[in-house]
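Q: I am new to this structure. Please take a close look at a single part and walk me through it.

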Amino acid sequence: MDLSLAGDKKRPRRSSRARAPTTVGSFQHDILCIIFSLLDCFDLASCSVVCKSWSAIINNSKLLQLFYRKKWQTGLLGSSNRSKECPEESWKDYLEEMAVERHRLALQEGRIRVDHLRGHSVGGEQCRTKMGLLLTGVDDKVMRLWSLESYKCVGEYPIPDRVRLVDFDFDESKIVGLVGTRICIWRQNGIRRIFPSHEGTFSKGLCMRYCDPEAVVGCEDGTVRVFDMYSRKCSQIIRAHEGPVKCLCLSDDQLILSGSSLGDVTLSALSSGERVVKLRSQDSSGIKTLCFNPCSHQVFAGTATGYGLCWDLRMGLLWKTRVSQNSVYSMQHQRNDASTLAVGGIDGVLRLLNQSTGEVISRCILDGYLSPSSQNTLGATQRTRGRRLSEDTTIDSILRSCRPPITCLAVGMKKVITTHNSKYIRIWKFD
């Protein structure tokens with residue numbers, strides 16, 4: 001059986017006396033090819049959305065394309081008006097749809113395991129996840145980058161003394177942070193740190209999002225300021241709100257979404273700085289968190305009084321749901337998933353919502369206790385269970401130790417990562 005998934009390139013014949021040098025990259029590629037050849041199609045679908053390199057190997061696999069072509073030709077996939085040739089786009093769409101469906105079923109019905117990762121010496125308040133990596137930090141003056149596969153710390157990025165880290169983001173090569181009144185950059189592949197010298201550019205930044213080459217900062221004076229990371233200058237000042245900008249998110253088509261302490265959401269064009277749309281929540285308590293789903297053109301917001309809201313940019317307000325009796329701090333969804341929304345807040349309950357209706361599908365809490373033996377070792381992990389609450393369960397009757405406040409969350413394939421302003425990062429895995 002040919003286990004190579006890399007294509008039909010012939011490998012050179014090697015002499016018994018001398019072996020050709022093998023790079024680490026090609027060695028890892030061959031191992032992944034062998035592993036992927038042993039997986040079923042559902043697992044491959046999940047693997048294809050882990051990172052770009054895995055996706056490239058799987059999407060270019062001859063074995064998998066042959067498997068899909070047979071399914072296509074027998075009518076198990078696609079429409080009755082299909083062509084004889086199986087389009088490559090359909091193969092990629094098929095893998096993506098399978099992965100997203102498996103993710104949806106796992107979050108809504110699967111068993112819950114919770115891995116507790118000792119990530120910081122004091123409170124870890126925020127988290128971001130991309131490409132199988134997790135970035136955490138805020139209070140202990142250092143950001144840490146973790147592998148979600150091994151839970152090993154793959155990078156540490158210290159914060160300048162006497163300056164508070166407000167917010168951060170990252171991409172494949174760099175960490176970008178809002179530190180005091182500066183935008184700072186840390187390179188992932190080295191210890192060099194680049195600190196732009198433009199202090200005092202804005203009075204107080206409250207939130208930040210980054211999409212190369214721009215860092216977008218929401219400010220206390222109601223403005224959204226766009227910084228070009230290459231020129232190190234503020235390229236735009238957008239008068240977005242009357243009150244402080246509390247949260248931001250960026251869309252793939254160059255839109256800036258910002259939420260204010262006065263309860264409204266504004267969409268502005270990144271290219272021109274013009275305000276495009278203003279969405280009103282009718283909740284003066286303020287917007288605490290935002291996320292945008294480009295698949296459905298829907299904007300989701302959480303408020304300080306526990307409401308979740310959803311607008312369709314083509315139709316207006318779709319739903320408004322009282323998610324919690326307390327403030328909602330964070331909400332996110334897996335990229336390309338238009339079904340399930342993860343929500344967390346001050347009451348410590350991880351909620352899963354139907355994106356289309358706002359219905360609370362499931363409420364999850366911890367179901368177990370941590371052993372004190374591993375609490376002092378950075379990077380140590382423990383596993384407990386999670387459980388879903390019945391509809392008639394009263395939140396106040398549950399011990400606070402089982403539901404520490406969720407300060408931030410991030411969503412990966414069949415998992416949700418939460419921070420609690422504590423030493424532990426929790427990775428909720430849904431099987």
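A: Start in helix 3, which covers residues 52–59: Ile58 has its place here. This is a predicted model. Is Ile58 buried or exposed? Ile58 is buried, because its relative accessibility is 0%, and the cut-off for buried is under 20%. Now look for Cys33. Along the chain, Cys33 and Ile58 are 25 residues apart. In space, 8.3 Å separates their C-alpha atoms.

Next, move to the sheet. It is open and has four strands. Their order is 14-15-16-17, and the pairing is antiparallel. Which strands stand at the edges? Strand 14 and strand 17 (275–280) do. Each has a single partner strand, so one side of each is left without a neighbour in the sheet. On average, neighbouring strands here are turned by 20° against each other, direction ignored.

Strands of a sheet pair through backbone hydrogen bonds. Zoom in on one pair. Strand 14 and strand 15 are joined in the antiparallel sense over five bridges. For Cys247, the bridge partner is Gly259 in strand 15.

Finally, follow the chain between these two strands. Strand 14 spans 245–250 and strand 15 spans 255–260, with a loop between them. Ser251 sits in that loop. Ser251 counts as buried because its relative accessibility is 7%. What does Ser251 touch, leaving aside neighbours within four places in sequence? Ser251 is in contact with Leu257 and Phe292.

Note on methods: Residues numbered from 1 in each chain as written. Predicted model: local features only at pLDDT ≥ 70, side-chain atom pairs only at ≥ 80, totals over all residues. Heavy atoms only, no water. Buried < 20%, exposed > 50% of the residue type's maximum accessible area, 1.4 Å probe, protein only. Contact = heavy atoms within 4.5 Å. Pairing = 2+ DSSP bridges. Axes fitted to C-alpha atoms, helices over the stretch in contact; angles between N-to-C directions.
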